[in-house]
Amino acid sequence: MLFYTMPWTQEDRHDIGALRKQLEDVGGENAEWNATMIWVEDVKGSIRYKSQAGRNPFSKMPAYFGNYPDMVHLVEQVVNGFGMFQDLECRMLKNMLLDLDGQERKDGRVLLSNFYSP
């Protein structure tokens, strides 16, 4: 998800130490990172629940997402659903900006003093 949501982090893809540092710092840089990770966990839980009936509970199968086909399915579900998740965030941000627009203007522009005020 790090590379998908923040493509500039791919510069460090071969340096494991730099990747770990970026994963530690990403919550501070990207306010929605935690919400995105919760959404990914929800997708994983949905996949586990839906595939429950098709798995033998007594087999020696690896844990969920422990094999390649399961991981591919997870990635497909995340990529397919990320647009809808992102759209919710986009609409929320749009509504916040519209609230800052104020009563005195209705042209879609926000005064900098309103934008930067707490």
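**Exercise 1. Classify Asp 25 as buried, partly exposed or exposed, then describe its salt bridge.**

Solution. In this predicted model, Asp 25 has a relative accessible area of 29%. Buried means under 20%, and exposed means over 50%. Asp 25 is therefore partly exposed.
Next, find the partner. The side chain of Asp 25 meets that of Lys 21 in a salt bridge, 3.0 Å from N to O.
Now place the pair. Both residues lie in helix H2 (residues 16-29), four residues apart, so about one helical turn separates them.
Last, check Lys 21. At 46% relative accessibility, Lys 21 is partly exposed.

**Exercise 2. How many salt bridges does the structure hold? Work through those in helices H3 and H4.**

Solution. The structure holds three salt bridges. Side chains of opposite charge can pair when their charged atoms come close.
Start with H3. Lys 44 and Glu 41 meet at 3.3 Å, N to O. They lie three residues apart in helix H3, about one turn. Lys 44 counts as buried because its relative accessibility is 19%, and the cut-off for buried is under 20%. Glu 41, at 45%, counts as partly exposed.
Move to H4. Arg 91 and Asp 87 meet at 2.9 Å, N to O. They are four residues apart in helix H4, about one turn. Arg 91 is exposed at 52%, whereas Asp 87 is partly exposed at 32%.

**Exercise 3. Which residues line the largest pocket, and which elements give two or more of them?**

Solution. The largest pocket has a volume of about 290 Å³. Its lining is made by Met 1, Tyr 4, Trp 33, Met 37, Val 40, Glu 41, Lys 44, Met 71, Leu 74, Val 75, Val 78 and Val 79. Helix H3 (33-51) and helix H4 are the elements that give two or more residues.
Link this to Exercise 2. Glu 41 and Lys 44, both in this lining, meet in a salt bridge.

**Exercise 4. Classify the ring pair of Phe 82 and Phe 85 as stacked, tilted or edge-to-face.**

Solution. The structure holds three aromatic pairs. For Phe 82 and Phe 85, the ring centres are 6.0 Å apart and the planes are at 40 degrees, so the pair is tilted. Both residues lie in helix H4, three residues apart. Both are buried. Trp 39 joins Phe 82 and Phe 85 in one aromatic cluster.

**Exercise 5. Which helix gives the most to the nonpolar surface patch?**

Solution. List the members: Met 92, Leu 93, Met 96, Leu 97, Leu 112, Phe 115 and Tyr 116 make a patch of about 760 Å². Helix H4 (68-101) and helix H5 (112-116) each supply at least two residues. H4 gives the most, with four. Leu 112 lies in H5 and is exposed at 61%.

Notes
Residues are numbered from 1 along each chain as its sequence is written. This is a predicted model: local features need pLDDT of at least 70, side-chain atom pairs count only at pLDDT 80 or more; totals for chains, interfaces and linings use all residues. Side-chain values use heavy atoms; hydrogens and water are left out. Patches are made of residues with over 30% relative accessible area and no salt bridge: like charges are joined within 9 Å, nonpolar side chains (Val, Leu, Ile, Met, Phe, Trp, Tyr) within 5 Å. Accessible areas come from the Shrake-Rupley method with a 1.4 Å probe; for residues, only the protein chains shown count as cover. A salt bridge is a side-chain nitrogen of Lys or Arg within 4 Å of a carboxyl oxygen of Asp or Glu. Buried means under 20% relative accessible area, exposed over 50%, partly exposed in between (1.4 Å probe, protein chains only). Rings of Phe, Tyr and Trp (its six-membered ring) pair if their centres lie within 6.5 Å; planes under 30 degrees apart count as stacked, over 60 as edge-to-face and the rest as tilted. On a 1 Å grid over the protein atoms alone, a cavity is a set of points where a 1.4 Å probe fits but cannot get out, and a pocket is an open set with protein on both sides within 12 Å along at least five of seven lines; lining residues have an atom within 4 Å of a point. Grid points are joined across faces, edges and corners, and a volume is the space filled by probe spheres set on the points.
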